[in-house]
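Student: Could you take a close look at one part for me, the very end of the chain? I'd like to know how it sits, and then how it compares with a few other spots.

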Amino acid sequence: MEFSVKNGSVEKQRTGCLVVGVYEPRRLSSAAEQLDKLSDGYLSNLLRKGDLEGKAGQTLLLHSVPNVPADRILLVGCGKERELTERQYKQITQKSIQVLNETGTTEAVSFLTELHVKGRSAYWNVRFAIEAIQESQYSYNEFKSIKPETKRELRRVIFNVAHRKDLAEAERALKQGSAIALGVSAAKNVANCPPNVCNPAYLTKLATALAEQYETISTTIVDEKQMAELGMNAYLAVSRGSENPAYLSVIEYKNHPNPDAKPIVLVGKGLTFDSGGISIKPAEAMDEMKYDMGGAASVYGTMKALAEMNLPLNVIGVLAGCENMPDGNAYRPGDILTTMNGLTVEVLNTDAEGRLVLCDTLTYVERFEPEVVVDVATLTGACMIALGSHNSGLMSTHNTVAHDLLNAAEQADDKAWRLPLGEEYQEQLKSNFADLANIGGRLGGAITAGQFLSNFTKKYPWAHLDIAGTAWKSGAAKGATGRPVPLLSQYLINKASI
């Protein structure tokens, strides 16, 4: 899909379709009012007859409207004028694209970006529209021998902004929204890929391909031999039961005016399949454990979006690739592992493997002397119980980092909620035989997982995002969501503007 922005008069648009809003009850938006005057009351007459109430998501397609040069007009219900939320705005945008794809038109000019969304500017209206449209057009058919037929005639959408002074911001929204949407799609593609294809070695190929595509990126791969030399024994223990070796993919983006500027480090949990190991999971829905690399997928997508936006930053994205399988060589409950930083961990459950991969990775990234480290992981079912599928769980030992991430989450409409950390939760991780246990019991499970990781982040500001509930959807809509690429991308945009 091709996108552009402009500032023009609705009456002069010669295009396949004009998209304008109608508020509830039967109130024309500003653009619709202008068309109504041009057509001698044609639109208002239809509304009086009850053809469209204006409820959010309703649509009415009109052909050959008198005195209007456009071929068609699509009226879209927008609900109550002062109550339009980001979620509703995205839904009506997606609904309009769905209808347009069924009309045969190849180009449309949308005036929905002129709508009043609470607390949002023209920038956000354009950016959210692009992200919503690309999300609605996404499909993953890579492994279908018969591709489903999709009628998508629409090739170009032009967003009209009400004021010429907003054009520069709209152009910025166009660039950043397109980059973020590309990153989200890239993350979805990786996460949706089956585990017999997407293994740790596959993640290294993706990371290496980024370096080939963008001059600002270089990639380094750390294999199991190097991990052993570094003492990454917790990471390697998780990988022991798998035929697929573990790999750590380090993607370095360097574009800061000061080449010596400390990097922002993003660490993604990359369990390309998690059977639970010896503490094996129930068979039901185990196929969804291919999504246990959602953290790595989102870091990969964010690095792609970052390179597309060409932000003036130094950022390192780390994909911690691994597979957790049971075999005669697999690690066991009761094992005691010596981590890279020297702390010992008693394994009480081999299905709490993500924190073992991450703890060594978090020690590994100390070498970069980072400004800040954010790890992203589908870490705990407990986070899904606590926050459902709407908010990612955020934990941090640094209030400034937590505030910055929460602010980015709110701006990007990629929601997160902060959970506490503290000594009380550290008490739950006590072991009679080692420095730490790898689980802290049922109570506060998402928090004790974050608390466990905090033991390995003493040398830099750090935050943890638990995306177990937000990285994918189950049921009829099963598939990856690409979250939290928008949150992370916005965080980087904000960092670049400081």
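Tutor: Let's get one yardstick straight: a residue is exposed when its relative accessible area is over 50%, buried when it is under 20%, and partly exposed in between, using a 1.4 Å probe and protein chains only. What you're looking at is a predicted model, where local features need pLDDT of at least 70 and side-chain atom pairs count only at pLDDT 80 or more, while totals for chains, interfaces and linings use all residues. Residues are numbered from 1 along each chain as its sequence is written, and side-chain values use heavy atoms, with hydrogens and water left out.

Now, your tail end. Ser 497 sits in the segment that follows helix α15 (485-496); helices here are DSSP runs of H or I with at least four residues, strands are E runs of at least two, and both are numbered from the N terminus. Ser 497 counts as exposed because its relative accessibility is 61%. Go back 16 residues along the chain and you land on Thr 481, whose C-alpha is 27 Å from that of Ser 497.

On the way there you pass Pro 484, in the loop between β20 (479-480) and α15. The peptide bond leading into Pro 484 from Arg 483 is cis, with omega near 5°. That's worth a second glance, since most peptide bonds are trans. There's another cis bond from Glu 24 to Pro 25, omega near 0°, and Pro 25 is in the loop between β2 (18-23) and β3 (27-28).

For contrast with Ser 497, try helix α14 (residues 445-454), where 10 of 10 residues are buried. Among them are Gly 445, Gln 451 and Phe 452. Thr 361, in helix α10 (residues 354-364), is another one tucked away: it is buried, at 0% relative accessible area. Leaving out residues up to four places away in sequence, Thr 361 touches Met 232, Tyr 235, Leu 248, Val 267, Val 318 and Ala 320, where contact means heavy atoms within 4.5 Å.

On the exposed side, Lys 37 belongs to helix α1 (residues 30-38) and has a relative accessible area of 67%. Its C-alpha is 9.5 Å from that of Glu 11, although the two are 26 residues apart along the chain. Glu 369 is exposed too, at 55%, in the loop between α10 and β14 (372-377). The phi of Glu 369 is positive, near 45°. Asn 310, in the loop between α9 (294-309) and β11 (314-324), also has a positive phi, about 60°, and is partly exposed at 42%.

If you're wondering about cysteines: counting a disulfide as a pair of cysteine sulfur atoms within 2.5 Å, the tally is 0. Cys 198 has its nearest cysteine sulfur, from Cys 193, 5.1 Å away, and Cys 198 is buried at 2%. For Cys 322 the nearest is that of Cys 359, 12 Å off, and Cys 322 is buried at 0%.

Stepping back, the chain has 15 helices and 20 strands. Of its 498 residues, 58% are buried. The C-alpha trace spans about 85 × 50 × 45 Å along its principal axes. Finally, among contacts with a separation of 6 or more, 77% join residues 24 or more positions apart.
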